[in-house]
Each structure stands twice: as structure tokens, then as C-alpha cells.
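Let's walk through this one together, starting from the symmetry and working outwards. Have the viewer open while you read.

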There are 2 protein chains.
Amino acid sequence: MGGDHGCGVVIEGAARALEGNSKITTLYLVGNQADIHAALPKGGFRDHRVRVVHASEVVEMDEKPVVALRKKKDSSIVRAAELVREGKADALVSLGNTGGLFAAATFKVGRIAGVDRGCIATVIPRQSNEFVLLDAGANIECKPFHLAQFAVMGHVYSREVLQRKSPRVGILSIGTEDSKGNELTLEAFRLCKKLDLNFIGNVEGHDLFKDHVDVVVCDGFVGNIVLKTCESLAVGMFSMLKRELMSNTKRKIGAYLARNAFHSIRRRMDPEVYGGAPLLGFNGMVFKAHGSARERAVTSALRVTADAVQYQVNEIIAREIANANAALAAADIALPTPA
Amino acid sequence: MGGDHGCGVVIEGAARALEGNSKITTLYLVGNQADIHAALPKGGFRDHRVRVVHASEVVEMDEKPVVALRKKKDSSIVRAAELVREGKADALVSLGNTGGLFAAATFKVGRIAGVDRGCIATVIPRQSNEFVLLDAGANIECKPFHLAQFAVMGHVYSREVLQRKSPRVGILSIGTEDSKGNELTLEAFRLCKKLDLNFIGNVEGHDLFKDHVDVVVCDGFVGNIVLKTCESLAVGMFSMLKRELMSNTKRKIGAYLARNAFHSIRRRMDPEVYGGAPLLGFNGMVFKAHGSARERAVTSALRVTADAVQYQVNEIIAREIANANAALAAADIALPTPA
């Protein structure tokens, strides 16, 4: 129910994701039954894997997540999270309020044992591949231990889902020397050194789009700012390019001849296409698709999520987090007591 | 002495800056006399305003700034800072080690009365104009009061040098609502509300390249990461574009016809051209030009700095900082005791 373009787009995207994809055995469409039925193709969904689950409420974009979840017990996000908690679904994909989804993941789906905080991971494209940035906005104030756990989860996601062989993990800081950083990153650096990761140390803003690092770890404040700044700059550069290319006839002709080059970059960089972010650390795959997602983005979100389930990303995270916690405990590093 | 391309480039850039610019009455070239003389045009500088000041040492890029300053008392950066402290020069432009320049500004030039911390401001171009981001890397851990002072200094710089009429000042955060942010930004928000600024509240990464804000305030950790991420993404997008445009003949022809569009954007976005950053809060204008600067960038750094001196930016900062401190004291906000 959460997308900007109504549930028709979501249903169409879901239909395409099911086509030729045998990994998905059941697909629940959770939301207002009347709206869903009105948006179904004529004659309903032919695919027998689809089930409609009614939910009478919706968490709106401007609602405070935790309050909304408590109040709206029959909201689509709560109902969908319950399907995961009850083991009826392995994964949950939403286009709605990110805070609402994160709260539902935390309080309804629940965290993997040993994970102190879940996080939002974002996959950001660059010239020849992509990198994972986490946390991208869920945890504003973090402890070093949280960054170390994000590193482990990002590493698993990069290796299992993005198929990077030995993901290079770095802490986002202001210089590559070991001594550069703030209190949080300096201590997180020390913790990451103890873990079984391909930890390359600090990375700078300069390194992100240069294929130097596959997993970029930071707190949610920094991550959210970096992510949104990149989106803003990319959009700004495209619009600058467009204005320049349209400013005279010669350039217009050139732009027409070269148009596929621009399309190809736009496809690669457009959040609409690569769009979306896995929420990591929960007892079920949780995936946030862009609110502005259209059919293709919904399809891609569902496919990526189904892949992550098949690759048993959460089982592997559980195992590697347990190992990481043990390594830190063995190094006499005090871990937070479980909440 | 600090540029990547030797002092010939600096001297050539300086010569161009002097041409037709009567604001500069004396230009000191501070560095190794033999090197400078070797790089001078045949017959020496014709312009009678040029003086060579010998310094036998150089602070290298990889040296620890504070240690290097103490050790190398006859370094070019120390000698140049002394010219400012002694009132022989109004301003100091350097292409060298940023940390070294900041330390020289702090310990040799000295801070404006009432300014608790100097900062690095960076002017970042966008489609139709530019914005100031500060602090861009000098102060890793900040107190809310520091962010409030950065807001005041950025506001003065934007108004006086970039000629923005009533600069919109925002705090970089993770949502535009007043309640969004971390401990630091939430308290800085409260302080900025008390000041005589066009304070628009929180801004997000999304706002930076959209002409929503003219002065973006953050701590040096976040600012440095944002700045370098933007540079990295811009370079990455250009190289992606180049690869796509060169991938077949039709695109190559298109790119050739439209080439001026790309040049125009590159000129606008290239740090080499807009490049450089004023250091604010010191008893003299201090300007960091990119180490990779070529003649044109040196010329532009010298012109901007001469403008800032003429507009009496530091006198205005001194006045507005005094007013801001008084306003905060009147609001019963505890200020740090002067160092």
C-alpha cells in the first residue's frame, strides 16, 4: 500500500517477478482487499501462488513509526511483518515509510540472535559494479560494537547476494591512516581488526566510486547524508547535462546520436532501477523498495529478496555474528548486554 | 612550494592574477629563493609589486602538521603566516598540506577574537550557483556552539564574497523536521534559532544540489566525507560517461558534436577550476588552493582572496561573531571559556 504510484504498480511488478521465477512459492499481497482487487488484472491473478491478505489500515509517510505501529495493529506493514514472524513468509518487501518498516522489522519480525541493532544497507552503483553502504539511516547514534556488526552483515550480503568473492570492508572516515577518524570510528577500527573479514581499514569519500571498497561501514547519520548527497548530485549532474545539451542545435544533434550512452548511465545510476535497500539483522529478509518505484523496480526488489532467501543470507549472518561476538569477547572487548 | 606541479605554475598563476588587478598592492612569493628565481620568467617579474621571501624548508604532504610547524621554523608556510601576523600581508594562499595550513593559521596567524575554532569552508558548485559547506574537515569532534559559529562565518562569506543577498543557512542532518538529527545537530539547531541569520533549519543530502540552501553547516568529520564523496562521484560519472560515449562510432560522432556541453559542465564542476577553500575565523584571510591547482586555479584563488580582503570579510566576521556570542549569552547559553 506504500508506493507513490498506488498498488497497481506493485501488483504489476509482482506479476513480472513471478514469471519464470520458481524460487517464489507463495506471494502474499498485503493491504486493503478492495483496493487490491480493483487493481488486479482482469480475471484476477492467474498465478496460483498469489494470496491476498487483507489489512484495513496504512502507515502513512509522515507518521511516527513506533507510535503508528502501536496504534495501527491492522496496518499492511504490521500484517506483513506478522506473516514473517509466524513463519508463513520468509521475506517482506515494502515501498512504504522506511521508519515504519524498520520498526516493524525490529518489534514484529525480531532481530537475529546476537545482533544488537538491525541496520539499513544500501547498494550503490558505480562504473563497473556496486558497493554496500551501511548503516544508511536507521541508527543515528551508534557504538563501535554496532559498526563492527554492520561490517559483518555487510560482508555477508556482499559475498552471498552481490557475489563478491572476498568483499573489501572499510570504515568510512576522513583519511586512510589508522589514526584518522572520530572516537566512534577509531574504536570500531580496533574491533574490526579482530574479526574474520577482509578489513582494509579506513576509507575516504574519495574511495567510494573508485572500486577500492565493497562494504562501507558508518553510523546511520553519516550514511544517510552520504546516500542522499549522492542521489542529489547525480540528479543535479543529469539536469545540468540536459540543459547544456539542449542549448543549441549542434549539441541537440550530438545528444540525439549519443542518446543510448545517456540512457545506459541513467539506467545504471537511477535509484528507480537499482533502487532499494535490504534491512539486515532480522529474522526474515526485509527489503525496502523506493516509494517512487515503478513496476521494474518492484520486480527487481522481489527477485533480489528471493535470491537472498535462497542463499540463506540470514542463516549465514547468524553464524558469522556469533563468531564475531565470540572473537570480540575472546579479545576481552565488553559487548552490550542483550536488550 | 606546496603544489603538485612545482612553483612555476604558482608563479605563472600569480602573474595572471596581478594583471589588471589593482586590489593586490604587494604579492609575496614565499619559498626557496633559488627555486623561485629559477622558475621566474626570463628577465624576472616585471611587476614591481612582487617580493620574494626566502624560506629554506617545506612542510611535506605526509608530515604531522603541528609537529612539522614546531620543527620547521623556516618553512614557507610558517614564514608566510608570519607575514600575516606581522601585518605585512592581509592574506595567505597555499597549495600545500591542508593540515599544515590550518595549524599555521591557528598558531601563527591566530583566531579572530570571540571565535573558538577556525574552520575550513568549501565552495561547491551546482547547476545555477554554488553553496558553502563548512566545516569541511578541520574539526573532527565539535560542540554545538562551534556549529553555530560556523553558521555565522559561512553566512558572512556567502553574503560578502559570493554576493548572496540573504544566504539560507541550514544544518546538515537526516531529515528536515526540527526533531531530526543527532545530539550535536539538535542542540546546534537550538542555538542557530537564537542568531540573526536566515536560518532555514535542517537540510538533508537531497537539498544540497537543488538550490535550497546556501550555507551548509556540519562538523568536520561529516563535511570532509560529504566533500570527498561528491568529488569521487562527479569524477566517477564523468568517466562512466566517457566510456559510454566512446563505445561505438555513432556515439563518438554525437559526443564530438556535443563536446562543448561536456566541457562546460567539466569547467563548472572541476575542483581544478572552482577549486579551493577559505579557512575562516583567522586574523587574516587564509585560502587553501588545491594541491593539483594549475595556473588558472592559482589565479582564481588569489583573486577570490583579494576580493575577500577588500570586502573586509574578517572585520564583518569579528562583528557578527561578537553579536552572536552576545545573543547566546543573553539566552543563558553557556559559552566555552576562551582557550
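Which residue of chain A comes closest to the rotation axis? That's A:Gly254, with its C-alpha at 1.8 Å. Before going on, some housekeeping: this is a predicted model, where local features need pLDDT of at least 70, side-chain atom pairs count only at pLDDT 80 or more, and totals for chains, interfaces and linings use all residues. Residues are numbered from 1 along each chain as its sequence is written, while chains are lettered from A and ligands numbered from 1 in the order in which they are written.

Now for that axis. A turn of 180° with a shift of 0.0 Å along the axis lays chain A on chain B with an RMSD of 0.0 Å (a least-squares superposition on the C-alpha atoms of residues with pLDDT of at least 70 in both copies). The two copies are thus related as by a two-fold rotation axis.

On to the interface: 47 residues of chain A are in contact with 47 residues of chain B, contact meaning that the C-beta atoms, placed from the backbone, lie within 7 Å. H8(A) gives the largest share of chain A's side, 20 residues. (Helices here are DSSP runs of H or I with at least four residues, strands are runs of E with at least two, and both are numbered from the N terminus.) Because 100% of the interface residues of chain A are also interface residues in chain B, the copies meet through the same surface.

Zoom in on H9(A) and helix H9 (residues 249–257) of chain B: they pack at an angle of about 160°, with their axes 7 Å apart. Axes are lines fitted to C-alpha atoms, for helices over the stretch in contact, and angles run from 0 to 180 degrees between N-to-C directions. So H9(A) is roughly antiparallel to H9(B), a label for angles over 145 degrees. Among the residues of H9(A) that meet H9(B) are A:Gly254 and A:Tyr256.

Away from the interface topic, look for the sheet in chain A. Eight strands form an open sheet with mixed pairing, in the order E3-E10-E9-E4-E5-E8-E6-E7; strands pair if DSSP finds at least two bridges between them. E3 (91–94) and E7 (198–203) of chain A are the edge strands, each pairing on one side only. E7(A) runs parallel to strand E6 (residues 168–172) of chain A, joined by five bridges, and A:Ile171 stands opposite A:Asn202 in E7(A). Helix H7 (residues 183–193) of chain A lies across E6 and E7 of chain A, at about 160° to E6(A).

Key:
Two residues are in contact if their C-beta atoms, placed from the backbone, lie within 7 Å. Angles under 35 degrees count as roughly parallel, over 145 as roughly antiparallel, 65 to 115 as roughly perpendicular and the rest as oblique.
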